[in-house]
Amino acid sequence: MGGKEAVVNRVGILRQWLLHGLLAILALLTALPFAIMAVMSAKDLGQLTLSFWAWPSPFRWENYWFGLRATVQYLGNSIAVSAAVCVLTLVCAALAAYAFSRFRFPGQKTLFGTLLLALMIPSALLLVPLFLVSRELGLLDTVWGLVLPQTAGALPLAILLLRSFFDELPRDLFDAARIDGASELRVLWHVVVPLSVPVFSTVAILNLLASWNNYIWPLLTVQSESLRTLPLGLAFLVFEQDLKFEPGKLMAAYLMASLPLLILFLFMTRPFVKGLTSGALKE
Amino acid sequence: MTSATDRSERWRAAGFLLPALAFFGLFVVLPALSALALAFFRTDGLAMREWVGTENFRQLIDDPLFWKSIRNLLWFALLTVPVQTLGPLFGAKLLYTLRSPRAAYWYRTLLVFPVLVPGVVTILVWQELYGASGPINLLLDAVGLGEHARAWLGDPATVVPAIVAIGLPFTGGVFLLIYLAGFLSIPPSLLEAAKLDGAGALRLFASVELPMLRTQIGVIALLSLLGVLQNFDNIQILTNGGPMNASLTPALYLFRSGFEFGQLGYASALGVVLLALCAALTLLVRWAGRRQS
Amino acid sequence: MPFAPRNLIPKLLLKPARDWWASLYDPFPEDLPERKLRRCWARVGVLFLALGMEVGSIWAETGAGERGQLTVVSIHEDLLPGIRAVLPEFAAKTGWSAEAQAVPYSAHELWIRTQILSRSAPDVLLVESTDLPWRYGHSGLLVRWDAWLSQPNHYDGAHASRPWIDTFQNELIHQTRDAAGAIWCVPYTQYGVGFFYNRAVYDELGLSPPRTWEELLANFAAVRASGRSALVTAVKPNDHQSLWMADMILELQLRPVAEQVNVQTRAGWKFDALDPECTRGEVITLEERLVAFDRGLIDPARAPAFRETARLIRRLAAEFRPDFLSLDGEEVPRVFARGQSVHFLNGTWYLRPLTAMQRGIAEIAPERVFPWAVFPFPELTAQSTPLPRLGGINQNSGLRACFIVPRRPDDPDRERRAIDLVRFLTAPAVAAESFGRTAVYDLPAMPEVAPKPGAEPLVPKVRYAFLTLAQFRGYDARSEGEFWNLWQGLLGGLIDEDEFVRRLGASHRAALFRLSQEKAAQMDRTFLRQQLPEGFRP
């Protein structure tokens with residue numbers, strides 16, 4: 001018996017090493033564009049022109065100092081807008097997805113179909129009418145003008161993703177909670193949300209990325225400099241300081257702009273812990 | 001006949017849906033309707049507006065460029081959707097099988113965070129890679145395949161695969177997280193039961209995990225397809241549909257018609273057709289999915 | 001729990017930071033209870049929100065379009081310092097202050113579109129290319145300049161009685177006119193185009209700058225024989241180098257039919273290729289263009305000039321670096337600066353990037369810096385082409401920055417002030433002062449304003465009579481899109497010249513038909529009925 005187990009174990013260990021190797025290669029390949037960006041950010045124009053692929057020498061540390069100064073003034077706006085979009089989307093989408101998943105009501109299928117259809121509307125067509133709606137509501141050049149339309153745009157996808165996860169949750173959990181006399185909101189908050197932390201953080205990441213990188217909408221609606229978000233601020237920067245002659249500095253600014261999200265990612269991928277949800281499901 | 005509980009459920013559903021629907025109606029449905037209505041006008045979206053009925057649609061059917069863009073789209077979809085659906089599944093399976101949670105954490109971070117790289121930078125890097133004396137061609141030269149070196153984005157035969165390849169190696173990104181969340185929600189009791197039955201790793205994957213991930217696979221295939229349908233900004237920067245319209249997609253054609261050629265009515269008609277196409281496709285996929293299960 | 005900021009800092013900041021730091025060492029404490037996790041999440045969310053609100057709390061509303069204040073928005077940031085410098089003078093003269101802002105070049109078209117559509121556009125816009133003014137002009141959203149331009153510009157000090165239009169270079173006014181002859185923008189700067197070449201290589205190979213087409217090809221062949229790439233270029237809708245070459249050649253070869261095309265003229269008008277002033281005040285109208293096209297004078301499928309132009313450029317394309325179809329305009333000077341190609345054809349605005357790149361290279365590898373110079377596009381001779389020619393090549397110089405003014409039906413006074421501001425900014429004395437304060441090498445649109453010294457080689461020396469008889473790239477944005485694909489196909493060797501001119505002819509015809517439908521109401525019907533009894537058909 002012991003011998004057989006040892007063999008199984010050895011095969012298992014070998015397989016684990018193989019996994020490590022494969023994942024390392026994949027991770028390397030995936031991270032390559034980021035690495036190239038990081039390398040580029042330490043170069044000056046001469047190096048980028050002559051030897052695009054070479055290691056930076058001399059290393060231009062001053063690019064990072066510039067990047068930091070350039071991004072920090074727009075960082076607050078981007079954080080506030082992205083956070084507001086993210087929170088609003090998660091709350092609204094969770095409520096709606098719960099309704100789609102747990103209630104039966106007339107027009108349910110049609111409504112869900114409409115949501116799906118909204119994902120397919122070519123976004124370019126929506127820009128101008130959306131701009132007009134925002135103007136009518138007096139949202140131009142305000143934070144809400146940035147937050148609300150982006151939230152609305154993010155909702156269909158979020159609802160779709162959340163619903164597909166809520167549907168998979170075992171029914172008995174809900175019934176048990178209901179028998180205990182819990183209200184629907186309590187069921188959502190105390191049963192569904194803890195079980196769906198991974199998918200919530202996925203949706204949050206999706207949302208953060210989209211609103212963090214959104215360039216066109218802020219460009220169209222924001223006029224005051226104090227409201228500029230990161231991509232918009234960087235675009236003005238490229239423009240006003242002739243950064244097209246300094247791609248290295250620009251890359252450094254991009255890099256700095258992605259640091260806050262990187263740190264947040266370290267947090268956000270934490271819920272993907274093996275056994276966290278399964279532990280709850282076992283009970 | 002509705003019972004009291006039914007009615008209360010309706011009210012509760014309405015309450016739950018209200019915030020989302022308010023946003024959705026105001027900022028999506030309203031603009032969308034007003035945009036799509038333009039399909040029945042000849043308009044540049046500015047001052048000129050003339051009712052032409054279904055003229056735009058008739059013109060669309062006769063437009064060889066439209067059909068070419070549809071062909072290109074099929075080509076894009078055929079290449080993109082399978083790799084974007086299966087690649088992250090593969091990555092997620094690897095991560096899930098990994099025993100050490102700490103290693104999994106760091107691999108996961110490495111696989112996901114590059115989505116932070118702005119699109120402009122990715123495009124810059126790949127343009128450099130594809131250049132006539134870029135690394136790819138140099139490599140081909142070095143291994144004696146010099147005659148296969150070419151301007152990858154400038155050749156109608158290679159432009160579509162070259163654009164698709166920009167997502168290499170396809171295993172990371174947000175899709176990976178969706179799959180991972182799916183893997184995590186598989187009840188361990190199921191896996192243990194299967195293991196007790198003596199199922200090997202492959203059997204386990206094929207008969208337990210894969211069926212449990214059906215929803216995720218469907219969602220991601222749909223998202224990937226939608227991505228292909230909607231994506232035009234990358235293509236616009238890289239090739240603007242060229243050379244010889246070999247990378248023109250309907251979304252790009254729509255954008256160019258509406259904003260470059262000043263034919264917003266025509267663009268809206270294209271949008272309507274595209275939308276109908278998508279809806280039909282989704283219905284087909286869902287119908288097929290339902291028949292299978 | 002009472003709200004106390006004192007508690008907030010340790011609660012919101014220190015604890016998560018410590019947790020996070022600990023989690024780096026052990027990201028997965030096995031016993032992480034679900035409640036604790038939720039609290040941790042909530043804290044991260046609140047922290048994130050609070051931080052953002054704190055830093056971004058200086059949000060304020062701005063009032064736009066105040067009375068007595070005009071706004072100028074430019075997509076060319078480098079022109080702004082000069083414009084800003086003269087605005088106080090305008091304020092002193094008129095009592096209307098004005099401010100100048102920039103909008104990033106990327107996505108500027110979308111920006112302008114939404115601003116104009118929502119009637120919140122700035123009073124004056126400085127934009128690039130004529131396409132955008134034409135489009136918005138046709139929709140009635142812009143001020144049409146023809147009438148204003150024919151009056152004197154009262155800011156034009158010494159020449160108070162000269163029509164405003166005569167302050168601008170004649171060719172630019174021609175390029176500004178749309179296919180129906182209307183002017184929707186006022187020229188401000190123009191580019192000059194020439195071949196940049198690597199003088200080190202020229203010295204090494206004993207070459208001298210070519211004057212004729214044959215000499216150019218011979219130089220290219222010599223460069224190629226030495227194992228180098230002769231010419232780097234990009235062929236994309238946003239990289240026009242190859243189109244400029246074609247435009248220069250086509251203009252020369254269409255000159256013989258100028259009088260046959262331009263039939264609605266003032267009495268006794270004669271075309272004299274050697275007299276650049278003979279075309280002043282002449283307009284090729286849409287009616288004339290329709291008739292000329294119908295007669296085959298400017299139909300690519302029938303007029304030999306188009307096929308001949310395509311043949312010549314295709315001959316040149318054999319010397320392009322092979323990646324020309326995938327290259328981006330931005331990369332072209334980089335390839336040249338790396339010494340990987342010996343020539344590139346481009347305009348005045350490349351002087352600055354090229355100088356910057358060489359300065360950068362000098363810092364890390366001074367031995368890679370080489371001397372360069374510019375020569376003008378060479379002349380066609382009887383040997384180069386069998387077609388008759390009048391005069392020589394008109395060095396390509398074209399419109400770059402131009403002013404547009406959105407209409408303001410609700411506030412005509414404001415609109416008039418905006419027009420007045422454009423007049424002020426383009427008055428030669430004011431423009432000279434503005435240009436003096438910029439780092440722009442583009443040439444001023446007013447011949448009286450001297451260009452920057454560094455731009456000398458790109459200033460056209462000899463000028464011939466100029467009329468835009470036909471547009472190689474077509475007559476509206478759609479046909480231009482079609483043109484680029486055909487052009488890529490021709491230069492990439494996918495279609496031959498015959499196929500190219502056949503399809504280009506169809507595209508041009510369709511574009512003119514669209515225009516004739518759009519403009520049906522404004523056209524001279526009697527003229528058309530006489531000349532085109534069967535009408536113009538697609």
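A salt bridge, as counted here, is a side-chain nitrogen of Lys or Arg within 4 Å of a carboxyl oxygen of Asp or Glu. By that rule there is one salt bridge between chain C and chain B.

Some ground rules before I go on. This is a predicted model, where local features need pLDDT of at least 70 and side-chain atom pairs count only at pLDDT 80 or more, while totals for chains, interfaces and linings use all residues; side-chain values use heavy atoms, with hydrogens and water left out. Residues are numbered from 1 along each chain as its sequence is written, and chains are lettered from A and ligands numbered from 1 in the order in which they are written.

Back to chains C and B. The salt bridge joins B:Asp63 to C:Arg478, with the closest N and O atoms 3.4 Å apart. There are also five residue pairs in polar contact, both at pLDDT 80 or more. A polar contact is a pair of N or O atoms within 3.5 Å; within protein, one must be able to donate a hydrogen and the other to accept it, and residues adjacent in sequence count only if both atoms are side-chain atoms. On the side of chain C that touches chain B, H18(C) gives the largest share, six residues. Helices here are DSSP runs (H or I, at least four residues), numbered from the N terminus. That side of chain C divides into 14 nonpolar, seven polar and 13 charged residues. Nonpolar means Ala, Val, Leu, Ile, Met, Phe, Trp, Tyr, Cys and Pro; charged means Asp, Glu, Lys and Arg; the others, Gly among them, are polar.

In total, 34 residues of chain C are in contact (heavy atoms within 4.5 Å) with 37 residues of chain B. The two chains bury about 3,000 Å², 55% of it on carbon and sulfur atoms. Buried area is the accessible area, with a 1.4 Å probe, that two parts lose on being put together, summed over both.

Next, chains A and B. Here 94 residues of chain A contact 84 of chain B, and about 8,100 Å² is buried, 81% of it on carbon and sulfur atoms. How many salt bridges does the rule find across the interface of chain A and chain B? Zero. It does find five residue pairs in polar contact, both at pLDDT 80 or more. Helix H1 of chain A, residues 2–40, gives the most to the side of chain A that touches chain B, with 18 residues. By class, that side has 71 nonpolar, 15 polar and eight charged residues.

That is the picture for the two interfaces.

Note on methods
Helices (H or I, at least four residues) and strands (E, at least two) are DSSP runs, numbered from the N terminus.
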